[in-house]
Every structure is written in C-alpha cells, then in structure tokens.
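Here's a quick tour of a small set of residues and how they sit in their surroundings. Have the viewer open and follow along.

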Amino acid sequence: MSNVDPQELANAIERRGTWGARFRFSDGERLPLSPSAHMLVEHAINGAFALRQDWVGTEHLLLAMTRTTDGVARKALASRGVSAEKVTEFIRRNAEAIAQ
C-alpha cells in the first residue's frame, strides 16, 4: 500500500464523487453526507467489530471502502492494488500501534 499517493487518490475520488444526505454531529447538528457515505460508516463499524476491535478509525473506513461492491473509492483503490485483504492484514499487524 505504500505506493499509493494519498493526495492523488483523494483528488481522483473528489473528481467523481457526489455529496448529499445528512449525518449528525455530537451536538445534534447535521452534516451533509450521502447515503453511500452513511453506509460506509456502518460497514466500518462492522469491520472493526469483525476484527474484535473496540474502536473505529480511518483504517476501518479504508477497509469498508475496499469491500463495497461499487463506488468510486473502491475502484480507485483497487486500481492501485489496495484490497480488503491487504488492509485487513495491515490492521492486524499494526493494531496495537493504531489503537494508541
């Protein structure tokens, strides 16, 4: 995964992405978020649970992106060799450091 340029990947996703829907901040305010982004957060939570981790971080969001059946992010990641298997292995190898 070290050969992925994060800024280039973000630019590729932003060029194709659309934003909408709603998500709540802790104070009750709502943040625009597409239904697919809301689903991504749910998949990230499920991914953390499946790995028996009691936190949800950006690594779980990345894992969720690699597991979607469609979506710009998954396609951009896959075209750069980033897979669910690689992300899962990375999380497992680095779980202790990530959790801190």
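Arg93 is exposed, with a relative accessible area of 58%; exposed here means over 50%, buried means under 20%, and partly exposed is anything in between, using a 1.4 Å probe and protein chains only. Before going further: this is a predicted model, where local features need pLDDT of at least 70 and side-chain atom pairs count only at pLDDT 80 or more, while totals for chains, interfaces and linings use all residues. Residues are numbered from 1 along each chain as its sequence is written, and side-chain values use heavy atoms, with hydrogens and water left out.

What does Arg93 pair with? Arg93 makes a salt bridge with Glu89, and the closest N and O atoms are 3.3 Å apart. The term covers a side-chain nitrogen of Lys or Arg within 4 Å of a carboxyl oxygen of Asp or Glu. The structure has one salt bridge. Glu89 is partly exposed, at 39% relative accessible area. Both Arg93 and Glu89 belong to helix H5 (residues 84-99) and sit four residues apart, about one turn of the helix. Helices are DSSP runs of H or I with at least four residues, strands are runs of E with at least two, and both are numbered from the N terminus. In general, an α-helix has 3.6 residues a turn, so residues three or four places apart point the same way. Side chains of opposite charge can pair when their charged atoms come close.

Staying in H5, Arg92 is found in this helix too, and Arg92 is exposed at 56% relative accessible area. The C-alpha atoms of Arg92 and Leu51 are separated by 7.9 Å, with their positions 41 residues apart along the chain. Thr88 is another H5 residue, but a buried one, with a relative accessible area of 8%. Not counting residues up to four places away in sequence, Thr88 touches Leu51, Leu63 and Arg67; contact means heavy atoms within 4.5 Å.

Now over to helix H3 (residues 58-67), where Thr66 lies. Is Thr66 buried or exposed? Thr66 is buried, with a relative accessible area of 12%. Its side chain reaches the backbone oxygen of Leu63 at 2.6 Å. Leaving aside neighbours within four places in sequence, Thr66 is in contact with Arg74, Leu77, Val82, Ser83, Ala84 and Val87.

Thr66 has company: Glu59, His60, Leu63, Ala64 and Thr66 are buried in H3. They sit on the same side of H3 because they cover an arc of only 160° around the axis, the arc being that of the directions from the helix axis to the C-beta atoms. Leu61 is also in H3, yet counts as partly exposed at 27% relative accessibility. Beyond residues up to four places away in sequence, Leu61 touches Leu40, Val41 and Ala44. Leu61 and Ile45 are 8.3 Å apart, C-alpha to C-alpha, and 16 residues apart in sequence.

Here are the C-alpha separations side by side.

| Pair | Apart in sequence | C-alpha distance |
|---|---|---|
| Leu61 and Ile45 | 16 residues | 8.3 Å |
| Arg92 and Leu51 | 41 residues | 7.9 Å |
| Leu77 and Val4 | 73 residues | 8.5 Å |

Leu77, from the last row, lies in helix H4 (residues 72-78) and is buried at 3% relative accessible area. Leu77 and Val4 both belong to the largest nonpolar core, whose eight residues also include Leu51, Leu63, Val82, Ala84, Val87 and Ile91. A nonpolar core is a set of buried Ala, Val, Leu, Ile, Met, Phe, Trp, Tyr and Cys residues joined through side-chain atoms within 4.5 Å. H5 gives the largest share of this core, three residues.

One backbone oddity: Arg52 has a positive phi of about 60° although it is not a glycine. Arg52 lies in the loop between helix H2 (35-50) and H3, and is exposed at 79% relative accessible area.

Zooming out, the protein has five helices and two strands, in the pattern α-β-β-α-α-α-α along the sequence. Buried residues make up 28% of its 100 residues. Among contacts between residues at least 6 apart in sequence, 40% join residues at least 24 apart.

Key
Polar contact = N/O pair within 3.5 Å; in protein donor to acceptor, adjacent residues only side chain to side chain.
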